[in-house]
Amino acid sequence: MSQKLKILERDPQIRKNDFEQVSAGYTNCEMLAESKRCLQCKKPTCISGCPVEVNIPGFIKHLCENNPKKAIEILNQKNNLPAVCGRVCPQENQCEKMCVLAKKGESISIGNLERYAADIIVKNDIDDDDDEVIEKNNIKVAVIGSGPAGLTCGGDLLKMGYDVTIYESLHDTGGVLRYGIPEFRLPKKILNKEIDKLKKMGMKIILNTLVGRTKTVQELIDNGYKAIFVAVGAGLPVFLGIPGENLNHIYCSNEFLVRVNLMRAFNFPDYDTPVHRGKHVVVVGGGNTGMDSARTAIRLGAETVKLIYRRSESEMPARKEERIHAREEGVEFIPLTNPVRFIGDERKFVRAVECIKMELGEYNNSGRRHPNEIAGSNYIIETDMVILALGLHPNPILPTLTKGLNTDDRGYLLIDDNYMTSIRGVFAGGDIVGGSTVIEAMGMGKRAAKAIIKYLGQE
Ligand code: FAD
Ligand code: SF4
Ligand code: SF4
């Protein structure tokens, strides 16, 4: 058995100066070599690792035959966003982890092959439109939020003939895929292409509409929507609650990334929104958001970027690949460290972070060892910009403004086994019910679409 074919990546010293992708993906020869390694298992365990159950050997078989058009047809049966998933799914913990070859460390590079199939269709302008005519049933369904959960649920309902309208509070679609994940990991043109496909199929999208405030759920029901899918994500930043957190040039990662990715602050003043370009940046948090913030700060010209995390590096929630890329680009990891206060100058601009060293104690409910402070180990890191990437809580606007929409004590919407919330006919999925990855959000969107179809059939 030949070895897994590693994807070629751009030199970190060059790529850290721009927002272009880290890798251009497999060449045709590489794709053929990698897809031929797939054993085409009779019982493909890889599928059980994919939340949307992509027919993995099915699409790889067509790639082996150098037929990406057929491969994409198979992918599209289960996945409305293959070019996105090929890039950002944590495959090492999902489909690739379940590949029979994983035990030998040689699992098939399913994500890279999926990306190849989706990209080559765009690159060579191959017509992959589904010619099947969809019979419309004129039943109106509203989707609130245009992130991966909303796009998937809406897309699946559309394919079944429903009249789907997505309401989005921002001026553009995609949720975190657009405003959170940076261009060098997920180019906007790739996302646009996948969303355009849904629009061509008849998806209606109404932007700049904050449901709960601009329009209520009751108004949607009164306007004839027979079911509603809530996919408003987790957009509420978490703070540390320590002294000095309000100093100037301390950003939460969401604001920093939205400014750069959505409002194109890296092109200021050609674009209206500015962003501070720190020279010595401290990022707090070891998740994907922390890595994206650190790598973006490097691309905005930071001379040093230090990433602080209160546990050890092996416990960082970020994907291994992101950690490797961040380090290659110059991000310095400082694990087992926590900030205790921020220190500012007389003009209230941040100038330093006082940190304390941590050690790992007993295992707690999360299955991880609890980080404890080491008394007297405080020290100072000088900085002129801090980015807090401590995770996100569920978006509270819609739940708090919608009477009868119940949440748990952490603010996640409560749903039953059929994805229905406490309001009949109102369903929910994605980060707002506790998901944390793109593909989990998509899986929930898919299952909710099935549940909505069943519900509307009974109604
Ligand atoms: P979202 O993507 O958050 O979309 C929700 C949408 O709803 C948004 O567009 C929002 O504007 C809109 N909205 C909110 N409230 C309203 C309202 N009241 N009315 C109308 N619209 C509303 N996951 C991975 O799998 N791989 C990664 O590499 C990865 N990297 C990440 C990097 C960052 C910086 C972040 C923040 C997250 C990352 N994640 C990653 C997590 C992943 O992006 C989320 O799990 C996923 O986007 C959740 O999808 P969603 O559809 O539930 O919500
Ligand atoms: Fe793997 Fe994600 Fe593709 Fe599923 S959608 S096969 S988890 S890369
Ligand atoms: Fe191919 Fe691995 Fe899936 Fe088998 S388990 S079909 S080798 S990807």
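1. A residue counts as near a molecule if one of its heavy atoms lies within 4 Å of it. The structure is a predicted model, and this note takes its ligands, one pocket, a hairpin and a loop in turn.

2. By that cut-off, the residues around ligand 2 are Cys50, Ile56, Asn79, Cys85, Cys89, Gln91, Gln94, Cys95, Ile110, Glu114 and Ile439. Sorted by class, this shell holds 7 nonpolar, 3 polar and 1 charged residues. Cysteine is counted as nonpolar in this scheme, so Cys50, Cys85, Cys89 and Cys95 of the shell fall in the nonpolar class.

3. Ligand 3 has around it Cys38, Leu39, Cys41, Thr45, Cys46, Pro57, Cys99, Val100 and Ile108. Here the division is 8 nonpolar and 1 polar, with no charged residue in the shell. Threonine is not on the nonpolar or the charged list and therefore counts as polar; Thr45 is one of the residues of this shell.

4. Ligand 1 is surrounded by 35 residues, and those that come nearest are Val88, Glu168, Arg185, Val211 and Asp431. Two of these nearest residues also appear in polar contacts, described in the next point.

5. The side chain of Glu168 places an N or O atom 2.6 Å from an oxygen atom of ligand 1. For the side chain of Arg185, the corresponding distance to an oxygen atom of ligand 1 is 2.7 Å. Gly175 takes part through its backbone: an N or O atom there lies 3.5 Å from an oxygen atom of the ligand.

6. The second largest pocket encloses about 930 Å³ of space. Its lining consists of 32 residues, and Glu9, Glu92, Asn112, Arg319 and Glu321 lie nearest the centre. By class, the lining divides into 6 nonpolar, 10 polar and 16 charged residues.

7. Which helices supply at least two residues each to the lining of the second largest pocket? They are H5 (82-88), H6 (95-98), H7 (110-123) and H14 (320-328). H14 gives the most, with 6 residues. In terms of domains, at least three lining residues come from domain 1 (12-123) and at least three from domain 3 (237-392).

8. Strands E11 (residues 350-363) and E12 (residues 369-373) run antiparallel and are joined by 4 bridges. Met358 has Glu373 in E12 as its bridge partner. In the hairpin that E11 and E12 form, 5 residues lie between the strands, and Gly367 has a positive phi near 85°.

9. The loop between helix H12 (253-262) and strand E7 (280-284) contains Pro269. The peptide bond that joins Phe268 and Pro269 is cis, with omega about 10°. Arg264 lies in the loop between H12 and E7 as well. Although Arg264 is not a glycine, its phi is positive, at about 55°.

Note on methods
Residues numbered from 1 in each chain as written. Chains lettered and ligands numbered in written order. Predicted model: local features only at pLDDT ≥ 70, side-chain atom pairs only at ≥ 80, totals over all residues. Heavy atoms only, no water. Pairing = 2+ DSSP bridges. 1 Å grid on protein atoms, 1.4 Å probe; cavity = no way out; pocket = protein on both sides within 12 Å on 5 of 7 lines; lining within 4 Å. Points joined across faces, edges and corners; volume = space filled by probe spheres on them. Domains from an automatic or database assignment. Polar contact = N/O pair within 3.5 Å; in protein donor to acceptor, adjacent residues only side chain to side chain.
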